[in-house]
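Dear colleague,

I am passing on the structure we spoke about, and my notes on it follow below. Please read them with the model open beside you.

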Amino acid sequence: LDPALLDQIIREADHLRKRSNRPTGDFDCWVERALKKRTRAAQSVEIDHPGVVASVLGSEILVESQGELVRVAGCLMPLVVGDEVRVGTSPQGPVITESLPRRTKLSRPDVGGKALEKVIAANMDMVMIVVSFVSPPFHPRLIDRFLVAIEAGGAQPGLCINKLDLLGDSPMPPEIEIYKAIGLTPILCSTSTGVGLETLREKLAGKTAAFVGHSGVGKSSLVNALFPELDLRTGEVIKGYGRGAHTTTWSSLHHLPLGTTLIDTPGIKSLGLWSLTLPLLLESFPELSGVSCRFRDCRHQNEPGCGVKQAVEKGDIAPYRYDAFLRLLGEVQEG
Ligand SMILES: Nc1nc2c(ncn2[C@@H]2O[C@H](COP(=O)(O)OP(=O)(O)OP(=O)(O)O)[C@@H](O)[C@H]2O)c(=O)[nH]1
Ligand SMILES: [Mg+2]
Ligand SMILES: [Zn+2]
């Protein structure tokens with residue numbers, strides 16, 4: 001018998017004894033009872049199957065398993081949409097028997113307690129940052145923040161700019177070329193006219209992708225456009241404010257034909273960065289980390305002769321992105 005398992009059984013036996021009204025008798029008897037309890041527990045869930053968490057509503061979890069949605073009540077595991085689990089049937093109903101390690105995740109600090117990590121979704125190959133033209137207005141600053149959070153969680157970033165129909169004859173914002181230059185070519189699209197949707201579909205083919213961004217940019221509309229049978233709820237942008245009405249209130253996962261899986265998420269007001277370090281920040285700015293600077297551990301901030309600052313002055317690094325870097329540098333957790 002494995003010594004760790006033996007230890008565990010002894011602990012369980014001791015626990016049974018302490019909880020009993022008559023904690024007397026030979027300890028062996030309590031070990032025997034603990035073993036019997038284990039056997040019963042093992043019998044009550046005979047088979048479990050792989051599944052993926054499709055939505056989480058408090059302790060109620062919807063798991064997609066074997067092509068069906070299974071409702072698991074009273075689950076105490078800290079699961080998020082996209083988590084891979086095993087689900088089985090106990091006499092009390094469906095239970096999650098195991099949650100598997102996450103391959104990737106997207107996190108932010110918990111709004112309630114900043115020292116806690118809040119995982120938005122797990123196991124996606126790509127996180128599609130969605131922004132819009134005009135309504136809500138184009139907010140490129142959020143893109144830089146998402147790029148850091150996505151890099152930290154191990155998924156690939158994508159950028160989708162929706163509501164192209166609203167741009168009219170106005171010129172393209174200059175930031176679009178800047179993101180192209182760092183390899184994040186935006187997909188310009190409109191769910192109203194259908195432009196760009198085929199490109200988006202191709203980009204996501206066979207992948208698991210989460211749609212993230214401000215409220216009202218059209219995340220749910222895009223998921224609906226890619227898979228019309230879904231009919232997710234969408235909501236008007238509040239007139240005069242240029243903001244969405246926070247229509248989607250929980251994340252949900254959907255399997256599309258041809259092996260694509262999409263995760264719709266609620267719109268966020270702002271994105272805090274979870275455990276931001278200087279190395280992570282630099283990895284999120286490939287155009288900065290690619291420049292050689294003669295100082296080791298340089299913050300590329302005020303150091304005289306810094307290679308990055310020289311590259312900005314020569315025009316090799318977009319001042320807009322360098323400015324974004326400096327803003328985020330102020331949020332780096334020291335030590
Ligand atoms: N003009 C225009 N309107 C769009 C487009 N895509 C979506 N909308 C509208 O924008 C509004 C918001 O769309 P949603 O899909 O609910 O936005 P969301 O990002 O899911 O918002 P939250 O769920 O609140 O985070 C709705 O009124 C949509 O009809 C588009 O390409 N062009
Ligand atoms: Mg939505
Ligand atoms: Zn430097």
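**Strand pairing around β4**

Pro50 stands opposite Arg86, a residue of β4. Before going further, please bear in mind that this is a predicted model. The pair belongs to a wider register, in which strand β1 (residues 48-57) and strand β4 (residues 84-90) run antiparallel and are joined by five bridges.

On β4 there is also a pairing with strand β5 (residues 93-99), again in the antiparallel sense, and this one extends over six bridges. Two of the facing positions may help you to check the register: Val87 has Ile96 in β5 as its bridge partner, and Thr89 is matched with Pro94, likewise in β5. The connection between these strands is short to describe, since β4 and β5 form a hairpin with two residues between them.

**From β1 to β3**

Strand β1 also pairs with strand β2 (residues 60-65), to which it runs antiparallel, with five bridges joining the two. Within that pairing, Leu57 has Glu60 in β2 as its bridge partner. The hairpin of β1 and β2 has two residues between the strands, and there Gly58 takes a positive phi near 65°.

Strand β2 in turn pairs with strand β3 (residues 68-72) in the antiparallel sense, over five bridges, and Val63 has Val70 in β3 as its bridge partner. This too is a hairpin with two residues between the strands, and Gln66 in its turn has a positive phi of about 50°.

**The six-stranded sheet**

A further sheet is open and contains six strands, in the order β10-β9-β8-β11-β13-β12, with mixed pairing. The edges are formed by β10 (187-188) and β12 (252-255), and because each of these has a single partner strand, one side of each is left without a neighbour in the sheet. Inside this order, strand β8 (residues 126-132) and strand β9 (residues 156-162) pair in the parallel sense over seven bridges, and Val127 stands opposite Pro157 in β9.

**The surroundings of ligand 1**

Which residues come closest to ligand 1? The ligand is surrounded by 23 residues, and the closest of them are Asp165, Thr191, Ser215, Ser221 and Thr248. By character, the residues of this shell divide into three nonpolar, 16 polar and four charged. Helix α6 (residues 219-226) gives the most to the shell, with three residues.

Several polar approaches can be described in detail. A polar side-chain atom of Ser221 lies 2.5 Å from an oxygen atom of ligand 1, and a polar side-chain atom of Thr248 lies 2.7 Å from an oxygen atom of the ligand. For His246 the atom concerned is a polar one of the backbone, which is 3.4 Å from an oxygen atom of ligand 1. The protein covers 88% of the 660 Å² of accessible area that ligand 1 has on its own. As for where the ligand sits, the space taken by ligand 1 is the second largest pocket.

**Backbone points to inspect**

Two loop positions deserve a look, against the background that most residues other than glycine have a negative phi, and most peptide bonds are trans. The peptide bond from Ser135 to Pro136 is cis, with omega near -5°, and Pro136 is found in the loop between β8 and α3 (141-153). Ser275, although not a glycine, has a positive phi of about 40°, and this serine is found in the loop between β13 (261-264) and α7 (278-283).

With kind regards

Conventions: Residues are numbered from 1 along each chain as its sequence is written. Chains are lettered from A and ligands numbered from 1 in the order in which they are written. This is a predicted model: local features need pLDDT of at least 70, side-chain atom pairs count only at pLDDT 80 or more; totals for chains, interfaces and linings use all residues. Side-chain values use heavy atoms; hydrogens and water are left out. A residue is near a molecule or strand if one of its heavy atoms lies within 4 Å of it. A polar contact is a pair of N or O atoms within 3.5 Å; within protein, one must be able to donate a hydrogen and the other to accept it, and residues adjacent in sequence count only if both atoms are side-chain atoms. Accessible areas come from the Shrake-Rupley method with a 1.4 Å probe; for residues, only the protein chains shown count as cover. On a 1 Å grid over the protein atoms alone, a cavity is a set of points where a 1.4 Å probe fits but cannot get out, and a pocket is an open set with protein on both sides within 12 Å along at least five of seven lines; lining residues have an atom within 4 Å of a point. A molecule sits in a cavity or pocket if more than half of its atoms lie within 2 Å of its grid points. Helices (H or I, at least four residues) and strands (E, at least two) are DSSP runs, numbered from the N terminus. Ala, Val, Leu, Ile, Met, Phe, Trp, Tyr, Cys and Pro count as nonpolar, Asp, Glu, Lys and Arg as charged, and the others, Gly among them, as polar. Two strands pair if DSSP finds at least two bridges between them.
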